[in-house]
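This report turns to the pockets of a single structure and then to one of its helices. Please keep the sequence and the coordinates at hand while reading.

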Amino acid sequence: MNAALSHWQPGEDVWIYGYGSLIWRPEFSYIERRLATLRGHHRALCLWSRVNRGTPECPGLVFGLDRGGSCRGVVLRLSGPEVPDYFPKLWEREMSAGAYLPRWLKCETEAGPVKALVFVMNRASPAYISSLPEDELVTIVRRAAGCYGPCTDYVLETVRALRASGIHDARLEAIACHLERVSETLAEE
């Protein structure tokens, strides 16, 4: 964490890039939120979750930023004076499993580029899973649940947050369509 903040000057605001649950559950106060595009990475269900959205016996999948493409998300500006209070909690949330690599990357916004802290997928992590066929992703997500609840809720909550922000992710929408269809079928039975 200290290395990631080594360039930070006390009182200076910090931008954080969100592409998944940071959009709908940031767990910290921010003073500004902007839609942003990150180039060179894309949102993917590429991280096994054996605690939060799954178990060791029945792991779920959560989002990571994998190499290639681009990703629409948000940047959240953390007030400089609050960085010492909020940053350690954010770090624990995102870096506790060691599955991400913290990077300061340029994110494009309508108001101009910002350099934000981005947690990208560490492909060397044993929790990394490369792309799976859509039907296999849906099966894994449907069956898994962990200490934060069902994996399906996590994926659909992210989809709802993206839609509410005006962000369209075609790959994720296709997965959501399958999950929503299955949920509707189960509700009717």
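In this predicted model, strand 2, strand 3, helix 3 (134-143) and helix 5 (170-188) each contribute at least two residues to the lining of the second largest pocket. Strand 2 provides the largest share of that lining, with 5 residues. The second largest pocket has a volume of about 280 Å³, and of the 18 residues that line it, A44, L45, L137, R171 and I175 are the closest to its centre.

The largest pocket encloses about 710 Å³ of space. Its lining draws at least two residues from each of helix 1 (21-24), strand 2 (32-49), strand 3 (60-78) and helix 2 (83-95). Of the 26 residues lining the largest pocket, those that lie nearest its centre are L47, N52, V62, R93 and Y100.

The linings of the two pockets are set out by residue class below.

| Pocket | Nonpolar | Polar | Charged |
|---|---|---|---|
| Largest pocket | 13 residues | 6 residues | 7 residues |
| Second largest pocket | 10 residues | 3 residues | 5 residues |

Helix 4 (residues 151-164) can be checked for its length: because each residue should add 1.5 Å, its 14 residues should span 20 Å, and the C-alpha atoms at its ends are indeed 20 Å apart, which agrees. The buried residues of helix 4 are C151, T152, Y154, V155, L156, T158, V159, A161 and L162. After helix 4 comes G166, which has a positive phi, near 80 degrees.

Terms used:
Residues are numbered from 1 along each chain as its sequence is written. This is a predicted model: local features need pLDDT of at least 70, side-chain atom pairs count only at pLDDT 80 or more; totals for chains, interfaces and linings use all residues. Side-chain values use heavy atoms; hydrogens and water are left out. Helices (H or I, at least four residues) and strands (E, at least two) are DSSP runs, numbered from the N terminus. The expected span of a helix is 1.5 Å times one less than its number of residues. Buried means under 20% relative accessible area, exposed over 50%, partly exposed in between (1.4 Å probe, protein chains only). On a 1 Å grid over the protein atoms alone, a cavity is a set of points where a 1.4 Å probe fits but cannot get out, and a pocket is an open set with protein on both sides within 12 Å along at least five of seven lines; lining residues have an atom within 4 Å of a point. Grid points are joined across faces, edges and corners, and a volume is the space filled by probe spheres set on the points. Ala, Val, Leu, Ile, Met, Phe, Trp, Tyr, Cys and Pro count as nonpolar, Asp, Glu, Lys and Arg as charged, and the others, Gly among them, as polar.
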